[in-house]
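Please open the model in a viewer and keep the selection tool at hand. The tour proceeds by selections, each followed by a description of what is found there.

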Amino acid sequence: MFQRGLTFGSAGNISVRLEDGWLMTPTNVSLGELDPARLAHLGPDGQLLEGDAPTKEAFLHRVMYAGRTDAEAVVHLHSTHSVAVSCLADLDPDDVLPPITAYYVMRVGRLPLVPYFPPGDTKLAEAVRPLVGRHHAVLLANHGPVVAGTSLTAAAGAIEELEETARLFLLLQGHRVRSLTPAQVDELRARYG
Ligand SMILES: [Zn+2]
């Protein structure tokens, strides 16, 4: 993800579920310079068992896992186009991006907007909590996306699809757009869940 330009500085964090807790990227580390031996290993109550201190946004990951028993990995990025969309006025908070491509519908689906709270504010977790049962992807206003997946590959693929869709959405601003119709979206959901 770092090499693809989806993250920069020490922004962005990744976690995977383990049998006895989670592995999480440490705080203040570039995703381009991760040391496997220093990843934060958290126990079932979120306590640090070994490795460096986890990302300050660990609570965002925990709230995704708590709401989705099928989540095996969570990725959160400050990827540029997704953040740009999260700053636009007049978004539909129930579904931020239109269904412009089939792969967006299949990998991301509906994307709710979570109201803005300062990073690290636990109110952010409370705002995310009621959404995660119905959504594996959410967009934090003026901040960035959080995506859960049934594997790390699935979560990474979905957040990359979201970022590219956000880029397309911005490219299409000012153009007349033919999004997929409700019937076309329903057909994709019926076929690919
Ligand atoms: Zn963040």
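**A guided tour by selection**

Begin with E126 and R129, which form a salt bridge whose closest N and O atoms are 3.0 Å apart. The model is a predicted one. E126 is partly exposed at 46% relative accessibility, and R129 is likewise partly exposed, at 42%. This pair belongs to a set of seven salt bridges.

Next, select R107 and E161, another salt bridge, with 3.3 Å between the closest N and O atoms. R107 belongs to helix α3 (residues 102-107) and E161 to helix α5, so the pair ties together parts that are 54 residues apart in sequence. R107 is partly exposed at 39% relative accessibility, whereas E161 is buried at 16%.

For a salt bridge within one helix, move to R191 and E187, where the closest N and O atoms are 2.9 Å apart. Both residues lie in helix α6 (residues 182-192), four residues apart, or about one turn of the helix. R191 is exposed, with a relative accessible area of 57%, and E187 is partly exposed, with 41%.

**The sheet and the helix across it**

Now display the strands. Eight of them form an open sheet of mixed pairing, in the order β4-β3-β2-β1-β5-β8-β7-β6. At the edges stand β4 and β6 (113-114), each with a single partner strand, so one side of each has no neighbour in the sheet. Select β2 (residues 21-24) together with β3 (residues 40-42): these strands pair in the antiparallel sense over three bridges. Within this pair, L23 stands opposite H41 of β3.

Add α5, which lies across β1 (13-18), β5, β7 and β8 (144-149) and runs at about 150 degrees to β8.

**The nonpolar cores**

Which residues have the most contacts inside the largest nonpolar core? Select V85, V96, L97, L111 and L162, which hold that place in a core of 24 residues. β5 (73-76), β7 (137-140) and α5 (152-171) each supply at least two residues of this core. The largest share, six residues, comes from α5.

Centre the view on L162. Leaving aside neighbours within four places in sequence, L162 is in contact with S82, L97, Y104, V108, L111, A137, P145 and V147. Apart from this core lies another, of 23 residues, including Y65, V128, V138 and A148.

**The zinc site**

Which residues supply the protein donors of the zinc ion? Select E57, H76, H78 and H143: two OE atoms of E57 and the NE2 atom of each histidine lie 2.0 to 2.7 Å from the ion. Along the chain, the donors follow the spacing E-x18-H-x1-H-x64-H. E57 is in the loop between β4 (48-50) and α1 (58-67), and H78 is in the loop between β5 and α2 (80-86), so the pair ties together parts that are 21 residues apart in sequence. E57 is buried, with a relative accessible area of 9%, while H78 is partly exposed at 23%.

**Two loop residues with positive phi**

Finally, select N28, in the loop between β2 and β3. Its phi is near 60 degrees, a positive value in a residue other than glycine. Most residues other than glycine have a negative phi. N28 is exposed, with a relative accessible area of 59%.

The last stop is N142, in the loop between β7 and β8. N142 also is not a glycine, yet has a positive phi of about 55 degrees. With a relative accessible area of 45%, N142 is partly exposed.

Technical notes. Residues are numbered from 1 along each chain as its sequence is written. This is a predicted model: local features need pLDDT of at least 70, side-chain atom pairs count only at pLDDT 80 or more; totals for chains, interfaces and linings use all residues. Side-chain values use heavy atoms; hydrogens and water are left out. A nonpolar core is a set of buried Ala, Val, Leu, Ile, Met, Phe, Trp, Tyr and Cys residues joined through side-chain atoms within 4.5 Å. Buried means under 20% relative accessible area, exposed over 50%, partly exposed in between (1.4 Å probe, protein chains only). Contact means heavy atoms within 4.5 Å. Donors are N, O and S atoms within 2.8 Å of the metal (3.2 Å for Na, K and Ca); water is not among the atoms, so sites may look incomplete. Two strands pair if DSSP finds at least two bridges between them. Axes are lines fitted to C-alpha atoms, for helices over the stretch in contact, and angles run from 0 to 180 degrees between N-to-C directions. A salt bridge is a side-chain nitrogen of Lys or Arg within 4 Å of a carboxyl oxygen of Asp or Glu.
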